[in-house]
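This report is meant to be read beside the sequence and the coordinates. It takes up the contact between two chains, then the sheets, and then some local features of the backbone.

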Amino acid sequence: MNERLMKTPEITPPTLTLRYPELGTGPISTDAYWKPEFYAQELEAIFKRAWLCVGRVEQAAAVGDFFVKKLPTFDMSIIVARGKDGTLRAFHNMCQHRGNHVELRAQGHCVGFTCPFHGWTYGLDGKLVGVPDAQGFFDLDKSTLSLKQVALDIWEGFVFINLDPNPCQSLVEFLGTHGRDLEGYAFERGTAVFEYEGTINCNWKCMIDSFCETYHVPILHKHSIKDTLAGPDNPHGRLIDIRLKTPHRTMSVWGNMAYQPNPVQGLAFKYAPGPSITSGAVDENSVLPKGLNETRAPNWSIDVSAFFPNWLIVMGSGMYFTHQMWPIAPNRVVWQMRGFLRPAQNAAQRFGQENSMVELRDAVLEDCNTLERIQSVLDQGLLKEFLYHDHELGLRHQYHVVKQWVDDYAKARA
Amino acid sequence: MAKNQQTHRLKFAAAQLERDGARRPRCWYRHLDPSDGDCYAENAIGVHPHNQAQQTPFQEIPLARRKNHDELPEPFSGLDKWVPDWALPDSTARFKKRRCTSLAEIRAFYDALLPQADAILKYLSTRQLGTLTPPEGKLLKLMLSLAEMGPAIEWYGTENHPEAFDGRRFPLVVTLADMSPQPGAHT
Ligand code: FES
Ligand SMILES: [Fe+2]
């Protein structure tokens, strides 16, 4: 055995799936990835019942601050506002008179909401306070006509809502060990925020899957991130580890510590505010929570932490970005990718940030044609089963969790 | 006639893109003049108006009053000639520039900037966002264009990876301002 091989940490063998015998090792039916009947069940059983991330507390930091989040899945608009008592509340953006949106801006500051149709006004707590020419109504009881409130809770500064009027689990219960193990990460330091958004013609789960395995990295990303997330010591893009914390999961991604950056990239790494997205560098000053690089592998680059059902945080030691997938049809998804970089302390660091944005965008754009081609094959009903590699365990897990939620919901209603 | 057909095709593509984007927030606007190049014509995507507030408008001195309006800080004045084409308003414009420029032109820009890039960054690392003079702002903007062009040369060897998904379908909807101070920075 030569010296280099001896020094190289061992690549994780393909035995991860065997830790979870309940998931099996067989092929997975593709029905869940294109059939309209299954899609309709998913919306009821999952998207109307699970906790969904809608933003961060900084978006409504002060009393009177609000932001509006569109949920493309339901063509629904949700207002998140901070009341006079300092409490953050979520409401359906829906006037109690005839249903118009009461707030048309995406974010702002106000003392209350005035419907732009006939001018009904609501307080920051959602209470109806004013009705023009109220004498003209019959038996109007203002106390029963507040904006319709939506369940809201906060985890590590992220705002979650639940469309179920009586959520079957609290947010803490829902996130379980997955949430607990990531607590303490410096999420609030990622104040330089950018976001991309697009509609991709594929099933929402396929879009999530594309960020949950790195088996494709050496091939599909051969021009870009192949040499950072794979490399001579890991030619097939094996992951370091996959940990299932049902319904959530985390993939720890291998990093090539011997990577030599390209010229512009190297300058960007040198002048980035903290480790940049594709550098795989570790911020020595950050204390990593237990759940990040949980095996404490030395050749670690990033973790992909999947929060059921539709949210991923891709976390490095000094920056993170999120993906959120909003299904709008069995074969169509609205994809939002939001980056949270450390703020630039000087003008040169702004250059490092631009490199992170550009390389991230270029790399993820490489994933999308594949997804649309696969969907067209699925929509034809031609491909009956998916075969999953051991390190595609995250995909197998997502399927099982989705199926479980759909089946449990159907059973409960039967 | 051919020109008309071309225009018609672009209009059709624009309508299609509009339809595809029907679920986007309704307040999108065209922030680039469709007349400034065919490749812009079908792109209905710009900076979200809500984010404009964060954008410090590029501090331009009116043409009449400026002499060397393309000037960079003195140590880098040899690069002045790149300013008109490569100091661009924002990230969206820079991505468009990459898609609409030949690889030969991109390489010429890259080759001109790269030898001085480390010195430029050392210089910019002593300057605070929000306090840049117009020449310093232009210098930063040239470097931001270099960041955008980097992968074209270093990863793909083409303007765009031939296999890549159409970037116009995945626009920036929240953009980082080029020159404003950023929240959380201790200046
Ligand atoms: S619908 Fe809001 S006031 Fe009439
Ligand atoms: Fe990928």
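The paragraphs below go through a predicted model, beginning with the contact between its chains.

**The interface of chain A and chain B**

The contact draws 55 residues from chain A and 52 residues from chain B. The size of an interface is often given as the accessible area lost when the parts come together. For chain A and chain B the buried area comes to about 4,900 Å², and carbon and sulfur atoms give 59% of that area.

Polar and charged pairs are also found across the boundary: 22 residue pairs are in polar contact, both residues of each pair being at pLDDT 80 or more. On the side of chain A that touches chain B, the elements that give two or more residues are β12 (192-200), α7 (263-270), β18 (332-341) and α8 (347-379) of chain A. Of these, α8(A) supplies the largest share of that side, with 20 residues. By residue class, the side of chain A that touches chain B divides into 27 nonpolar, 13 polar and 15 charged residues.

Side chains of opposite charge can pair when their charged atoms come close. Across the interface of chain A and chain B there are 6 salt bridges, whereas a search of the whole structure finds 31 over all chains. The table sets out one salt bridge across the interface and one within chain A.

| Salt bridge | Distance between the closest N and O atoms |
|---|---|
| A:E354 with B:R94 | 3.0 Å |
| A:R19 with A:D241 | 2.8 Å |

The salt bridge of A:R19 and A:D241 links distant parts of the chain, 222 residues apart: A:R19 is in the loop between α1 (3-7) and β1 (28-29) of chain A, and A:D241 is in strand β13 of chain A.

**A sheet built from both chains**

Strands of a sheet pair through backbone hydrogen bonds, either parallel or antiparallel. In which sense do β12(A) and strand β1 of chain B pair? They pair in the antiparallel sense over 2 bridges, with strand β1 of chain B covering residues 172-174, and A:E195 stands opposite B:V174 in β1(B).

This pairing belongs to an open sheet of 8 strands with antiparallel pairing, whose order is β13(A)-β14(A)-β15(A)-β16(A)-β17(A)-β18(A)-β12(A)-β1(B). The edge strands, each of which pairs on one side only, are β13 (241-245) of chain A and β1 of chain B. Neighbouring strands of this sheet are turned against each other by 20 degrees on average, with direction ignored.

Helix α3 (residues 171-180) of chain A packs on this sheet, where the helix touches β13, β14 (248-254) and β15 (300-307) of chain A and makes an angle of about 20 degrees with the direction of β14(A). Helix α9 (residues 393-413) of chain A lies across β13 and β14 of chain A and runs at about 170 degrees to β14(A).

**A sheet within chain A**

Another open sheet has 3 strands in the order β7-β8-β9 of chain A, again with antiparallel pairing. Its edge strands are β7 (112-114) and β9 (128-130) of chain A, each pairing on one side only, and the twist from one strand to the next averages 30 degrees. Between β7(A) and strand β8 (residues 121-123) of chain A there are 3 bridges, the two strands running antiparallel; here A:F113 stands opposite A:Y122 in β8(A).

**Backbone features in loops**

Where in chain A does A:P247 lie? A:P247 lies in the loop between β13 and β14 of chain A, and the peptide bond that leads from A:T246 to A:P247 is cis, with omega near 10 degrees. A cis peptide bond also joins A:F308 and A:P309, with omega about 0 degrees, and A:P309 is found in the loop between β15 and β16 (311-315) of chain A.

A:D75, found in the loop between β3 (65-71) and β4 (76-82) of chain A, has phi near 50 degrees, a positive value in a residue other than glycine.

Methods. Residues are numbered from 1 along each chain as its sequence is written. Chains are lettered from A and ligands numbered from 1 in the order in which they are written. This is a predicted model: local features need pLDDT of at least 70, side-chain atom pairs count only at pLDDT 80 or more; totals for chains, interfaces and linings use all residues. Side-chain values use heavy atoms; hydrogens and water are left out. Contact means heavy atoms within 4.5 Å. Buried area is the accessible area (1.4 Å probe) that two parts lose on being put together, summed over both. A salt bridge is a side-chain nitrogen of Lys or Arg within 4 Å of a carboxyl oxygen of Asp or Glu. A polar contact is a pair of N or O atoms within 3.5 Å; within protein, one must be able to donate a hydrogen and the other to accept it, and residues adjacent in sequence count only if both atoms are side-chain atoms. Helices (H or I, at least four residues) and strands (E, at least two) are DSSP runs, numbered from the N terminus. Ala, Val, Leu, Ile, Met, Phe, Trp, Tyr, Cys and Pro count as nonpolar, Asp, Glu, Lys and Arg as charged, and the others, Gly among them, as polar. Two strands pair if DSSP finds at least two bridges between them. Axes are lines fitted to C-alpha atoms, for helices over the stretch in contact, and angles run from 0 to 180 degrees between N-to-C directions.
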